[in-house]
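Q: I would like a close look at one part of this structure, followed by a walk through the parts that can be described alongside it. Please take it slowly, as I am in my first year.

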Amino acid sequence: MAVLVFLASMTFELNRKPYVLKIPVGFPAPLIPADNELTVARVKLGKKLFYDKILSFDTSISCSSCHMPEFSFSDNRTVSPGVKQVMGDRNSMPLINLAWSNSFFWDGGVSSLEMQVLKPLTSHTEMNLLLREAVYRLKTSKDYVKLFEKAYQCEPNPNALFKAIASFERTLISGNSKFDRYFYQKDSTAFNASEKRGYLLFFGNDKVHCVSCHSGVNFSNNTFQNNGLYAEYKDEGRARITGHKNDIGKFKVPTLRNIAYTAPYMHDGSLKTLEEVINHYSSAGTGHFNASLHVHTGSQLELTAQDKNDLINFLKALNDDDFIRNPAYRQ
Ligand code: HEC
Ligand code: HEC
């Protein structure tokens, strides 16, 4: 009897073994909800679900079909096909440092990483699966029944499904780029001359002021901004959520980490290269009524060819190859 009690409590302890995040130097504490503390069992379950095609209507795609590790968990398409090749209307977003974000999607329509999962799972342009059917499939898999029991001490249910995937996503941490070595780890030799000039332009105030929006550990000030991409927006962005005219054309300021891996760019994938992005910021702009005063609208920004080149080299110095290659993130 005593042995059985001992064994049961050992298993109990094992299932609750905490998953310890490696927080990069300079980062604040991550946002982890009290009712979904990270454990090894939860991250393991979440990873399996993230890569499992069982969660799409015709078992043809998984989360990873549009969020691939080699593209910093985005993909290389303008917009991505869901089941039966039905196209979405937005560019897939990279999944990086989500434990430091509190609004998700280009329009910030969802404020919890757990609740975010519901949309791709059920959307007809993505995995198109009824929640009921998802749970049925998981409940009829012996493997998943065991893994849910270990992770959340329950049978497969929507709540635990969302929590497990969010747990895996919170482990996707990038903080070891050249920029991190220079800025947070204080290695003054990390940048070459061009990257250093690009860094000064990015943070400077005389020509461009990228950092007025792309700031903080994630290069996002967590606001919604109109960066003057269009004179008229097909996708109203933040206004889809708020209904306010002054939110038309505003989108979540995206992270720039690993940006060289996530082409094409912008909410609609309309800019193919970093050169096109820099040319957009340096051109006369479109004069949209909501365009931020921090982007040049109406007059030409005088970026020289060298400035442009330096900015691009700086953006490439945000690459974190350890993140892209991390075997713990891969299937
Ligand atoms: C068919 C392609 C596709 C599939 C499959 C897909 N996604 Fe996405 N994902 C996208 C697109 C496109 C966006 C941006 C959508 C928007 O802004 O409306 C996105 C956005 C996100 C975001 C927001 C990131 C941020 O920084 O705001 C998260 C998190 C995410 N997806 C996770 C998942 C998870 C988890 C799954 C599986 C349950 C999944 N996705 C399946 C295409 C996909
Ligand atoms: C007014 C705020 C603001 C400023 C200033 C700004 N950006 Fe952006 N940036 C955004 C927003 C918002 C988006 C997304 C816009 C969209 O999709 O329509 C974006 C998108 C981008 C993207 C594409 C990201 C992706 O994942 O597709 C890159 C690269 C970028 N910005 C770099 C820069 C650089 C370099 C500068 C300085 C020259 C700069 N930004 C200045 C707000 C800003």
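Which residues in α9 meet which residues in α12?

A: This is a predicted model, in which local features need pLDDT of at least 70 and side-chain atom pairs count only at pLDDT 80 or more, while totals for chains, interfaces and linings use all residues. Residues are numbered from 1 along each chain as its sequence is written, chains are lettered from A and ligands numbered from 1 in the order in which they are written, and side-chain values use heavy atoms, with hydrogens and water left out.

On the α9 side, the residues are Ser 194, Glu 195, Arg 197, Gly 198, Tyr 199, Leu 201, Phe 202 and Phe 203, and they meet Gln 306, Asp 307, Asn 309, Asp 310, Leu 311, Asn 313, Phe 314 and Leu 315 in α12 (contact means heavy atoms within 4.5 Å). Sorted by class, this contact has seven nonpolar, five polar and four charged residues (Ala, Val, Leu, Ile, Met, Phe, Trp, Tyr, Cys and Pro count as nonpolar, Asp, Glu, Lys and Arg as charged, and the others, Gly among them, as polar). Helix α9 covers residues 193-203 and helix α12 covers residues 305-316 (helices, H or I with at least four residues, and strands, E with at least two, are DSSP runs numbered from the N terminus). The axes of α9 and α12 are 7 Å apart and make an angle of about 95° (axes are lines fitted to C-alpha atoms, for helices over the stretch in contact, with angles from 0 to 180 degrees between N-to-C directions). The two helices α9 and α12 are therefore roughly perpendicular to each other (65 to 115 degrees, with under 35 being roughly parallel, over 145 roughly antiparallel and the rest oblique).

A second pair can be read in a similar way: α2 and helix α7 (residues 158-170) pack with their axes 7 Å apart, at an angle of about 95°, and α2 and α7 are therefore roughly perpendicular. From α2, the contact involves Arg 42, Val 43, Leu 45, Gly 46, Lys 47, Leu 49 and Phe 50, while α7 brings Leu 161, Ala 164, Ile 165, Ser 167 and Phe 168. These residues divide into eight nonpolar, two polar and two charged.

Following the chain onward, the loop between α2 (40-50) and α3 (113-116) holds His 67, whose NE2 atom, 2.1 Å away, is the single protein donor to the iron atom of ligand 1 (donors are N, O and S atoms within 2.8 Å of the metal, or 3.2 Å for Na, K and Ca, and water is not among the atoms, so sites may look incomplete). Thr 59 also lies in the loop between α2 and α3, and its phi is near 50°, a positive value in a residue other than glycine.

Around ligand 1 there are 26 residues, of which Cys 63, Cys 66, His 67, Phe 105 and Trp 106 come nearest (a residue is near if one of its heavy atoms lies within 4 Å). This shell has 14 nonpolar, seven polar and five charged residues, and α3, α4 (118-122) and α7 each supply at least two of its residues. An oxygen atom of ligand 1 lies 2.9 Å from a polar side-chain atom of Arg 90, and an oxygen atom of ligand 1 is likewise 2.9 Å from an N or O atom in the side chain of Lys 252 (polar contacts with a ligand are pairs of N or O atoms within 3.5 Å; within protein, one must be able to donate a hydrogen and the other to accept it, and residues adjacent in sequence count only if both atoms are side-chain atoms).
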